[in-house]
Amino acid sequence: MRACVVGAGPGGIATAKVLLEHGFDVTVFDKYRQVGGIWSSEGCYDGLANQSARRIFEFADLPNRLHFAGAVDTQRYLESYAETFGVLEHVRPGTEVISVRPVEGPGRPGASGWSVESRQAGDETADTHRETFDHVVVASGAHHHARLPRLPGRELFGGTVLHSNEVRAGTFTGRRVVVVGGGKSALDLATRAAREAASATLVQRKVNWMIPERFLLGTVGYKWILFTRLGEALLPRYHDPACVPPIDRIDERVKRVLWWLITRDMLLATGLYRLPKRLRPAHGLPFHLVHAGVMPRGYVKAVRRGLIATEVSAVEAYTETGLRLATGEEVAADVIVFATGHHKIFPFLDPSVRVHDDEGRLRLYRGIVPPGTDGLGFVGFRQVFNNIMGVELTAHWLTQHFRATLRTAPGEQEMREDTDARLAWQEQVLPGSGGYDFGPYDIHCADELLHDMGLPSRRAGNLLAEYLLPGGVAHRYAGLTRSRAPK
């Protein structure tokens, strides 16, 4: 069976590795010259850093000892993985996929295969190459199509306007920089501007929670709290009843007390408690954890020293000298950087294949496959905190789905109903998740996929280790291909 993988980032190379292990004839297309997706030199903003502690950003079958690594070292690890497992020789670098459409024929979309058109990246005049595949995996990443606010007055502003993706070395040097956004990338860039620019201003509509590198007053690494079954048991109950163990039924009053304590600890450990109240999150945990990143080193110190000016306001319009805020205040700038996220869209995918709902949310069963479509799957859009683990488990699930060997195989209508119920749950528990971000539910998401595959969800040797040691880590899931092999 021929399989096409669109994208050679973490999700693409993990999927290619698993497909190859199961005998698929795999071709991986990527528009960049290096594997790695946003971690490649062409895919990341200058200075991008990994927010993963040691043993977090790693695949199950290749240990990675890097600790809060930079983009260069992260890319090297991903390239080493692709080389180790024979994926590199199946990658067509510098090749852009411009069309994926179902082959015409009777039955459901994709039942007769998929037509994929590609050409040399960056050259619209290049010859188009068309091939047919039995299966297509979209692993093009969730951080490539920039979301920029449409503000009036753009023609008035004579400075530079960029999305965070476009920041490169020297962009900030000696200039007045305004960064718009409240996520980790925005704080990263504002902290960098504080070192390099003539002035740095951060404008955020609301203040998001940031996770400290270490909890409990700076004594315990975050993976020992957030990536354990006990830690996840404090979250609102998961939507899938098959993945709700007894520990998840902790009394809600106990949960509220524990979250109050965790909230205070996070404020202290991140340093947010030392900032003015307007620069702390307005809403309590855990309901906004989905938007949280790891607090960038140096951000709080730069704000306290006056190296980063801060505004909590929406932006309203461009002016001749910068931006006007909803408060009426004007902020002067030479460079405006919008760290305002990305659209989760697939311009190459035929419009007949519907993967979004009317509200723009991704509408995929298990966050992986569109109901009613054969031979098509998405990897990297069932996002969890430890997304490298998430994409690897998704790759195993999707491969088994393609081979029709999942233990559970619901029909189209059941898939649609399950997806509707999950999206309603996400809107309540993870507002703003866009239908793809499962946030802190690493272990629950893993349990759900393992349950579908007929594999045990308990991965440790005893109950204490199962519930108290980090479980949202990839190395706990090593050897899944061998465990699924026919006897």
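Which residue in the turn of the β18 and β19 hairpin has a positive phi? That residue is G328, with a phi of about 95°, and the hairpin has 4 residues between its two strands. This is a predicted model, and the tour below starts from that hairpin, moves to an open sheet of 5 strands, and then turns to the 31 salt bridges and 18 aromatic pairs that the structure holds.

**Hairpins β17-β18 and β18-β19**

- Strands β17 (residues 315–318) and β18 (residues 322–325) run antiparallel and are joined by 3 bridges.
- Between β17 and β18 there are 3 residues, and the two strands form a hairpin.
- Within this pairing, V315 has L325 of β18 standing opposite.
- Strand β18 also pairs with β19 in the antiparallel sense, again over 3 bridges, and here R324 stands opposite E330 in β19.

**The parallel sheet and its helix**

- The open sheet has the strand order β9-β20-β10-β11-β16, and its pairing is parallel.
- At the edges stand β9 (160–163) and β16 (309–312); each has a single partner strand, so one side of each lacks a neighbour in the sheet.
- From one strand to the next, the twist averages 20°.
- The pairing of β9 with β20 (residues 335–338) is parallel and covers 4 bridges; T160 has V335 as its bridge partner in β20.
- Helix α3 (residues 184–196) packs on this sheet and touches β10 (176–180), β11 (199–204) and β20. The direction of helix α3 makes about 160° with that of β11.

**F157 and its surroundings**

- F157 sits in the loop between β8 (145–146) and β9, and it counts as buried because its relative accessibility is 4%.
- Leaving aside residues up to four places away in sequence, F157 touches Y318, T319, E320, T321, G322, A333, D334 and I336.
- The ring of Y318, one of those contacts, has R154 over its face, at 5.6 Å from the ring centre.
- For a sense of scale, the C-alpha atoms of F157 and S433 are separated by 33 Å, and these residues are 276 residues apart along the chain.

**Salt bridges across the chain**

- R176 and D334 meet through their side chains in a salt bridge, at 3.0 Å from N to O. This pair links distant parts of the chain, with R176 in strand β10 and D334 in the loop between β19 (330–332) and β20, 158 residues apart.
- Both ends of that bridge can be placed by accessibility: R176 is partly exposed at 33%, and D334 is partly exposed at 24%.
- A salt bridge also joins R363 and D420, whose closest N and O atoms are 2.4 Å apart. R363 is in the loop between β21 (342–343) and β22 (376–378), while D420 is in helix α9 (residues 412–429), so the pair ties together parts that are 57 residues apart in sequence.
- How do the two ends of the R363 and D420 pair stand, buried or partly exposed? R363 is buried, at 16% relative accessibility, whereas D420 is partly exposed, with a relative accessible area of 40%.
- In a further salt bridge, R366 and D452 have their closest N and O atoms 2.7 Å apart. R366 lies in the loop between β21 and β22, and D452 lies in helix α10 (residues 442–453), 86 residues away; both residues are buried.
- R366 and D452 also belong to a network of salt bridges that links them with D240, R382, D418 and E448.
- R382, a member of that network, also lies over the face of F438, at 4.9 Å from the ring centre.

**Aromatic pairs**

- F59 and Y77 form a stacked pair, because their ring centres are 6.2 Å apart and their planes meet at 15°.
- F59 lies in the loop between β2 (25–29) and α2 (71–84), and Y77 lies in helix α2, so this pair ties together parts that are 18 residues apart in sequence.
- Both F59 and Y77 are buried.
- Ring pairs connect these two residues with W39, F57, Y81 and F85 in a cluster.

Technical notes:
Residues are numbered from 1 along each chain as its sequence is written. This is a predicted model: local features need pLDDT of at least 70, side-chain atom pairs count only at pLDDT 80 or more; totals for chains, interfaces and linings use all residues. Side-chain values use heavy atoms; hydrogens and water are left out. Two strands pair if DSSP finds at least two bridges between them. Axes are lines fitted to C-alpha atoms, for helices over the stretch in contact, and angles run from 0 to 180 degrees between N-to-C directions. Contact means heavy atoms within 4.5 Å. A salt bridge is a side-chain nitrogen of Lys or Arg within 4 Å of a carboxyl oxygen of Asp or Glu. Buried means under 20% relative accessible area, exposed over 50%, partly exposed in between (1.4 Å probe, protein chains only). Rings of Phe, Tyr and Trp (its six-membered ring) pair if their centres lie within 6.5 Å; planes under 30 degrees apart count as stacked, over 60 as edge-to-face and the rest as tilted. A charge sits over a ring if NZ of Lys or CZ of Arg is within 6 Å of the ring centre and within 35 degrees of the ring normal.
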